[in-house]
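Q: Hi, could you walk me through this one? I'd like to start with the binding site.

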Amino acid sequence: MFADRINRIQPSATLEMTAKAADLRSKGLDVINLSVGEPDFNTPDNIINAAKKAMLEGYTKYTPGSGTLDLRKAVSAKLKRDNKLQYKPNEIIVSCGGKHSLYNACQVLFQKDDEVIIFSPYWVSFPDFVSVTGAKPVFVKTNAEKQYEPIFEDLEKKINSNTKGVIINSPSNPTGGVWSKEAILETLKIAKKNNLWVFSDECYEQLTYDSPFDSIATLSKNKERILTFQSCSKTYAMTGWRIGYTAGNEKVIKAMSKLQGQSTSCPNSIAQYAAKEALIGNQEFVVNMRKTFKKRRKLIVDGLNNISNVSCDNPGGAFYVFPNIHFFLNKKYKGKIIKNSSDLSMLLLEEKLVVSVSGNSFGSNDNIRLSYAASENDINNALIRMEELFNKIK
Ligand code: PLP
């Protein structure tokens, strides 16, 4: 019945977990949801007010396909202010979230017989963005002890004449890992040598805790083949508004715009007015959110490392931790063997009502992903419940 392309992709594991948590909560159960991929704050008032104003003033119609010129100018100014990147409005396209931006770029650049490098553990959607085009995702190993930086021998080994692109995501979902400048430079060098498109998914760029963030395109003299993806979602707690953007090679931006014009027409007009305020208005919200997340990171990392047989590195960014739970695999709880990280994640949900996402969904069976976009109280209680459960696994 269906076209081949729909069989090439999987449902999003993280969205599935969020739905499961909502279902349990609606039954009145005391669920702690650490699976969330969005800040637990409301969108700041100045942004909401900009949207209200846009609606009242009648900015409720179609906009240019790649976003209003005003918003693309705001993106350009933001990239200069925060990232030291110089892009003109015609080198920028606004889409319906960073996810849509990445999807569009894969559609215009990749096809059957192409291969695209993805670093594992990876954000659940990367392989699907690639597969749906007909191209093949190729996974490269990373070093868990070094913020999940690439294992370069593996990277070199996986590149061949079909390799067309590489997707970098630092700070990373699911690991929170932030690559060093050296690791990025080495990756860029290999990409250049092999003439690859470099996708830099920077949707967590404002959430680094130990060192300032360097946008990848600033580390290369030749950014012709680098596309930078950012989003209002995580930075301004605007996940539901659906605004993300791409900056890069004008020809690619034009092709993405052509595709977008024949799919969504344009991003939501009201959200675009809100996004302009988000990007060039007061940035205090971001500073405060970063401080809050940094405090919670310490709470959850210390807490996890205090649980016997769990180890958790200190991730440099985003709002995820990716503790190693290898010890519990192939052990028993109430007579039942825990075969993989999905079993452990499910056990946590069923026995302790703590929602996590299994590492399997991100390509790593030795881990689970926990989000600290949750209150300190929830984090503390989840840690207690996890310890109770894990101590009973023999
Ligand atoms: N990239 C990564 C690594 C993400 O984790 C997400 C969201 O979870 C996105 C991109 C896309 O976010 P959005 O489409 O809301 O901008």
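Q: Which residues come nearest to the ligand?
A: Happy to help! Of the 13 residues around the ligand, the nearest are Gly98, Asp201, Ser231, Ser233 and Lys234; "around" here means having a heavy atom within 4 Å. This is a predicted model, where local features need pLDDT of at least 70, side-chain atom pairs count only at pLDDT 80 or more, and totals for chains, interfaces and linings use all residues. Residues are numbered from 1 along each chain as its sequence is written, and side-chain values use heavy atoms, with hydrogens and water left out.

Q: Which helices supply residues of that shell?
A: α5 (98-109) and α9 (232-235) each give at least two residues to the shell. Helices are DSSP runs of H or I with at least four residues, strands are runs of E with at least two, and both are numbered from the N terminus.

Q: How many of the shell residues are charged?
A: There are 4 charged residues, along with 6 polar and 3 nonpolar. Asp, Glu, Lys and Arg count as charged; Ala, Val, Leu, Ile, Met, Phe, Trp, Tyr, Cys and Pro as nonpolar; the others, Gly among them, as polar.

Q: What does aspartate 201 contact on the ligand?
A: A polar side-chain atom of aspartate 201 sits 2.5 Å from a ligand nitrogen atom. Serine 231 has a polar side-chain atom 2.6 Å from a ligand oxygen atom, and for asparagine 173 the distance to an oxygen atom of the ligand is 2.7 Å.

Q: How much of the ligand's accessible area does the protein cover?
A: The protein covers 93% of the 400 Å² that the ligand has on its own, by the Shrake-Rupley method with a 1.4 Å probe.

Q: Asparagine 173 again: what is its peptide bond to proline 174 like, cis or trans?
A: That bond is cis, with omega near 25°. Proline 174 is in the loop between β7 (163-168) and α8 (181-193). The bond from serine 120 to proline 121 is also cis, with omega near 0°, and proline 121 is in the loop between β3 (115-119) and α6 (125-131).

Q: What about lysine 84, is its phi positive or negative?
A: Positive, about 55°, although lysine 84 is not a glycine. Most residues other than glycine have a negative phi.

Q: New topic: what is the strand order in the open sheet of 3 strands?
A: The order is β11-β16-β15, with antiparallel pairing; two strands pair if DSSP finds at least two bridges between them. β11 (320-321) and β15 (357-358) are the edge strands.

Q: Which residue stands opposite valine 357?
A: Arginine 369 in β16 stands opposite valine 357.

Note on methods: Polar contact = N/O pair within 3.5 Å; in protein donor to acceptor, adjacent residues only side chain to side chain.
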